[in-house]
Amino acid sequence: MDFNMKKLASDAGIFFTRAVQFTEEKFGQAEKTELDAHFENLLARADSTKNWTEKILRQTEVLLQPNPSARVEEFLYEKLDRKVPSRVTNGELLAQYMAEAASELGPTTPYGKTLIKVAEAEKRLGAAERDFIHTASINFLTPLRNFLEGDWKTISKERRVLQNRRLDLDASKARLKKAKAAEAKATCEGDTVPDFQETRPRNYILSASASALWNDEVDKAEQELRVAQTEFDRQAEVTRLLLEGISSTHVNHLRCLHEFVESQTTYYAQCYRHMLDLQKQLGSSQGAIFPGTFIGTTEPASPPLSSTSPTTTAATMPVMPSVAGLAPPGEAALCLEEVAPPASGTRKARVLYDYEAADSSELALLADELITVYSLPGMDPDWLIGERGNKKGKVPVTYLELLS
């Protein structure tokens, strides 16, 4: 118990000394040990890294989960070390509503059939979104969160220790300075020759005794200063090593950022492929429901996404079904040169973007050129016959825009 009381009194004394030193520095009444410029730059870079990491983390969470209530719920589950329950995405919820509507309004009606097709596409979009959120959370959010909750807390702790060591060092310097000033004053008073005729030569004796006491105080203050300087230098080196580790943190975050971009690219490529498939299905259905309507898009479509990744390219480029010929399966393919255009039903179309013919039966296309198109009985609804001058061949519907 006595030991604890002594330690408590010692800690209280140290805290009071630091508080006095800190207050005097704020009022400009005490000197402050300044860190070197390189150390200050490391501190500034660390603070900037922490601040921007927090902002990027919060905004990425908003991107992945726009609902603030859901984010709070997920945060509470994480703090309680409990598994976050599976949540239905907006696309999956929309698909559920569309499927239920089709079931109630009639799945065999044109509207009901279209609702079912769109519901299936929305369900696939929702599943792709779920995979993207899961991948981005593991590969991007988790490393950022680990830095803030791990490395940064360690850096902050060591910086607080360094601040205390600096206050102790500056307090020791101030104590030594005061002790030397008092010693010099006592020495001057002790050098005065006493008057031994005086009945009370006690002042001279007291001055000599005070000088000896201040000598001891100076020696003690110098010893405390050496100890404080050693502890400060050691803590400064520890903190410097941690701050220099921010460079490794940047490298790690750069790798995570590349993975985030890769997962986002994959997600949007999947969405594009799903919507392209849905567009083809709806175009076929539209041709069956409205025979006089051109089968294809009436608005310019975006060209296929490009990517240096072979996987992404395969996912983003529209895949056209191969057609062996114009005749139904099992029959001999017609010769395109022998096929005459119908008397009516030919249309003008503008090419949306370049298309390279896969074989001699197809017609290569250049963006923005005008061609004549028409359909023949038994043809795949995704293809038309296109003519440009004396050249003729199959062309994909999704690459065309109806003009007249």
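Strand S1 (residues 347–351) pairs with S5 in the antiparallel sense over 3 bridges, where strands are DSSP runs (E, at least two residues) and helices are DSSP runs (H or I, at least four), both numbered from the N terminus, and two strands pair if DSSP finds at least two bridges between them. Arg 350 has Glu 401 in S5 as its bridge partner. The model is predicted: local features need pLDDT of at least 70, side-chain atom pairs count only at pLDDT 80 or more, and totals for chains, interfaces and linings use all residues. Residues are numbered from 1 along each chain as its sequence is written, and side-chain values use heavy atoms, with hydrogens and water left out.

The open sheet comprises 5 strands in the order S4-S3-S2-S1-S5, with antiparallel pairing. Strand S4 (391–396) and strand S5 (400–402) are at the edges with a single partner strand each, so one side of each has no neighbour in the sheet.

The largest nonpolar core (buried Ala, Val, Leu, Ile, Met, Phe, Trp, Tyr and Cys residues joined through side-chain atoms within 4.5 Å; buried means under 20% relative accessible area with a 1.4 Å probe, protein chains only) has 33 residues, of which Phe 132, Phe 140 and Leu 243 touch the most other members. At least two residues of this core come from each of helix H2 (37–64), helix H5 (110–190), helix H6 (202–244) and helix H7 (246–289). H5 provides the largest share, 15 residues. A second, separate core of 19 residues includes Leu 352, Ile 371, Trp 383 and Val 397.

Key
Buried < 20%, exposed > 50% of the residue type's maximum accessible area, 1.4 Å probe, protein only.
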